[in-house]
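Subject: Structure for you to look at

Hello,

Here is the structure I said I would pass on. Please open it first, then read the notes below it.

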Amino acid sequence: MFDVNLIRKQFPIFSINSTSGNPLIYLDNAATTQKPMVVLERLNRFYGQQNANIHRGIYQLAYEATTEYELARKKVANFINAKDADEVVFCGGTTEALNMIAQGWAREKLDTEDEVLVTAMEHHANYVPWQTVCKQTGANFRVVPVKQDGSLDLDQLKNMLNTKTKLLAITHISNTLGTINPLQEIVELAHKYQAMVVVDAAQSIAFDQVDVQQLDCDFLAFSGHKAFGPMGIGVLYGKTEHLSTLHPFQQGGSMILQVTERQTTFKPPPHGLEAGTPPVAEAIALGTALDFITGAGLGQIKEHSQSTLLYARDQLSSLQGIQIIGPATGTSNILSFLLDDVHPHDIATILGEAGVAVRAGHHCTQPLMHALGIHSTVRISFSIYNNSDEVDHLVEALGTVKKIMS
Amino acid sequence: MKDALKQLYNKLILDRQKNPVGFEKRENAQTVLDAYNPVCGDQFKLYLDFAGGRITNATYHGYGCALSKASTSLLVEGLAGKSVSDCEEFIEYYFRTLDNDDEQAPEIYKALALAKKFPGRKKCTTLSWEAVSNFIGTTHLRENGE
Ligand SMILES: Cc1ncc(COP(=O)(O)O)c(C=O)c1O
C-alpha cells in the first residue's frame with residue numbers, strides 16, 4: 001500500500017521547520033523537487049569514497065568512477081527507453097541541452113528558406129534558443145498558438161507544418177498551466193514533413209512515462225533536479241543519426257581523439273559532446289534518483305500527484321474569487337490560479353509566511369502570459385510527498401490572503 | 001511574523017494600491033520611463049514633465065503588486081512640483097528610511113521598509129524609485145533647468 005508518510009520520511013527537508021516555525025509545505029515541485037536521502041547519500045559516497053576524475057586515470061579509483069558514471073548513463077537510457085546508452089549525453093540541464101541542439105545542430109542545418117516551430121506555451125529555455133538561431137541563420141521563427149483554455153491549438157499546428165518546417169520544439173507538459181500535449185500525435189504529424197522534433201521533457205520526466213522509442217522524437221531534454229536528482233546535471237537524448245551530426249559547441253579536454261596544430265578530431269557521441277570534467281557525482285546520483293522513481297513507481301507518483309491536484313482543484317474552486325488558469329488538457333501535477341485581483345507576489349508572500357512555498361510570476365513563459373492576456377499567476381505543483389493536509393493548509397492560508405488584502 | 005505581515009499590508013498601503021494617487025497614463029508626457037522587474041514581470045511606465053528645472057507633472061501606469069503600486073504612487077506624488085535636486089534628496093531620503101528603519105519617517109515609509117524582511121520583496125518598493133534616480137543621475141536636466 002502506498003503510504004505518503006513513509007515517502008516523506010525519506011526526504012530530510014521535511015523534518016526541518018520552515019522560517020514560520022511550521023513544517024515546510026512545498027508546492028513548488030515544478031521548479032525543483034526535493035531530494036531523497038538515497039540521492040544525498042550517493043553524492044556523499046562518491047565524494048567520500050570514490051572521487052576521481054573519469055576517462056583518464058589508469059588506477060582503480062578512476063576506473064571505478066568511470067564505471068559508475070557510465071552505469072548512470074545506462075540507467076538513464078533504460079529509464080527513457082533509449083535504444084542505446086550512447087544516445088544519452090550528460091550536460092548541465094534542460095537549458096544547456098536545448099542550446100546544444102540549437103547551436104550545435106540547427107545553426108549548421110538551417111537556412112533562410114527553413115521554418116522552425118515552437119509553441120506559445122514553451123519555457124523560455126525552449127523558445128529563446130530557437131528564436132536566436134533563427135536570427136543567426138535567417139530561418140523563419142514561427143509560434144504555434146495556444147487556446148484560451150491553455151491547450152495547444154492543434155488545428156493551427158497542422159496548418160503551420162509544411163515542407164519548409166525543419167524543426168518543431170515542444171514541451172511535453174507546460175510548466176505554467178500543466179497542459180499535457182498529445183506528443184505521440186504531434187511527432188507523427190511533424191514527421192510527415194520530415195521535421196525534427198525536439199521535446200522538452202523537464203516537467204514530464206518525473207511525472208509520466210517518457211519512452212523515446214515509442215514517441216519517436218529526435219531529441220529530448222530534461223534536468224536531473226526536477227526528478228529528485230541533483231542540480232547541475234541534465235540529459236540530452238538524441239537518436240544516434242542526429243547526435244552524430246551534432247557539432248560540439250563546447251570543446252576541450254576529454255572529447256577529442258587527436259589534437260595537432262593543424263586540426264582536431266573529436267570522439268563520437270556521447271563522449272565527443274561532453275567536453276571537460278562533467279558533474280560525475282551528480283550524474284551518478286541522477287542514476288540513483290531514477291532508481292528512486294522506479295522504486296516508488298512512476299505510475300504511483302503520477303496517480304498520487306494527480307489525485308492531490310484534483311483535490312486541490314476542488315478545494316480551491318470552493319473559494320470565492322478563485323480563477324483557475326486553463327483548465328489545461330489532461331491532469332498533470334501543475335495548476336495555476338489567480339485570486340480576486342490580488343497580485344500573485346502578494347499572495348506568495350502571505351502564503352510563505354504560513355509556511356506554504358508556491359511560485360508566483362510568469363514562470364519563464366512570458367509569451368504564454370501574453371497569449372492569455374495575464375501578467376503572472378500563482379502556481380502550485382505536486383509530487384509524491386505532498387498530501388491533502390497540505391492542500392487544506394494552502395486553502396486556509398488563501399483565506400488569510402483574502403482577509404488581509406480585502 | 002504574522003504581525004510583520006499585518007504591518008506590511010497595512011491600511012495605508014492597501015488603500016493606496018486600491019486608489020493610487022497619480023495612476024494615469026499620459027503617453028504624450030515629455031519623458032516616459034520604464035520601471036521593469038524581469039523577475040516578477042512588474043512593469044510600470046512613469047510619465048514625467050519638466051519645466052524650469054522642476055518636475056511639473058508626474059504620473060504612472062502599469063502592472064504590479066500592492067507594494068510596487070503603492071510605492072510608485074508615493075513616488076510620483078512626491079515628485080510633482082519638486083526641483084531636480086529636491087527630487088534627488090527626496091529619493092535618497094526614501095532609500096535611507098527603507099534601509100535604516102527611521103522612527104521619524106512617515107508611517108507608510110515605515111511599512112514599506114518592512115518589505116526587506118520578506119524574501120524577494122524589497123525590490124518591489126524600490127523599482128520605480130531607482131528608475132527615476134537613474135534617469136535624473138544621467139540626464140542634463142540640472143544644467144538646462146537650474
Ligand atoms: C518546461 C521547462 N523547460 C525548461 C526548463 C529549464 O530547466 P533548467 O533550468 O533545469 O535548465 C524548465 C525549468 O524551469 C521547465 O519547466
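A polar contact here is a pair of N or O atoms within 3.5 Å; within protein, one must be able to donate a hydrogen and the other to accept it, and residues adjacent in sequence count only if both atoms are side-chain atoms. An oxygen atom of the ligand makes such a pair with the side chain of Gln203(A), at 2.8 Å from an N or O atom. The protein covers 84% of the 400 Å² of accessible area that the ligand has on its own (Shrake-Rupley method, 1.4 Å probe; for residues, only the protein chains shown count as cover).

The model is predicted: local features need pLDDT of at least 70 and side-chain atom pairs pLDDT 80 or more, while totals for chains, interfaces and linings use all residues. Residues are numbered from 1 along each chain as its sequence is written, chains are lettered from A and ligands numbered from 1 in the order in which they are written, and side-chain values use heavy atoms, with hydrogens and water left out.

The ligand

Two further polar side-chain atoms belong here: one of Thr95(A) lies 2.5 Å from a ligand oxygen, and one of Asp200(A) lies 2.5 Å from a ligand nitrogen. The residues around the ligand (a heavy atom within 4 Å) also include His123(A), Asn175(A) and Lys226(A).

Helix H5 of chain A

Helices are DSSP runs of H or I with at least four residues, strands are E runs of at least two, and both are numbered from the N terminus. Which residues of H5(A), residues 128-137, are buried (under 20% relative accessible area, 1.4 Å probe, protein chains only)? They are Pro129(A), Trp130(A), Val133(A), Cys134(A) and Thr137(A). These residues lie on the same side of H5(A) because they cover an arc of only 135° around the axis (taken from the directions from the helix axis to the C-beta atoms). An α-helix has 3.6 residues a turn, so residues three or four places apart point the same way. Among the elements that cover the buried residues of H5(A) are helix H4 (94-109) and strand E3 (115-119) of chain A. Just after H5(A), Gly138(A) has a positive phi of about 85°.

His345(A)

His345(A) is part of helix H12 (residues 344-353) of chain A. His345(A) is buried, at 14% relative accessible area. Its contacts (heavy atoms within 4.5 Å), leaving out residues up to four places away in sequence, include Ala360(A), Tyr9(B) and Arg121(B).

Regards

Methods. Buried < 20%, exposed > 50% of the residue type's maximum accessible area, 1.4 Å probe, protein only.
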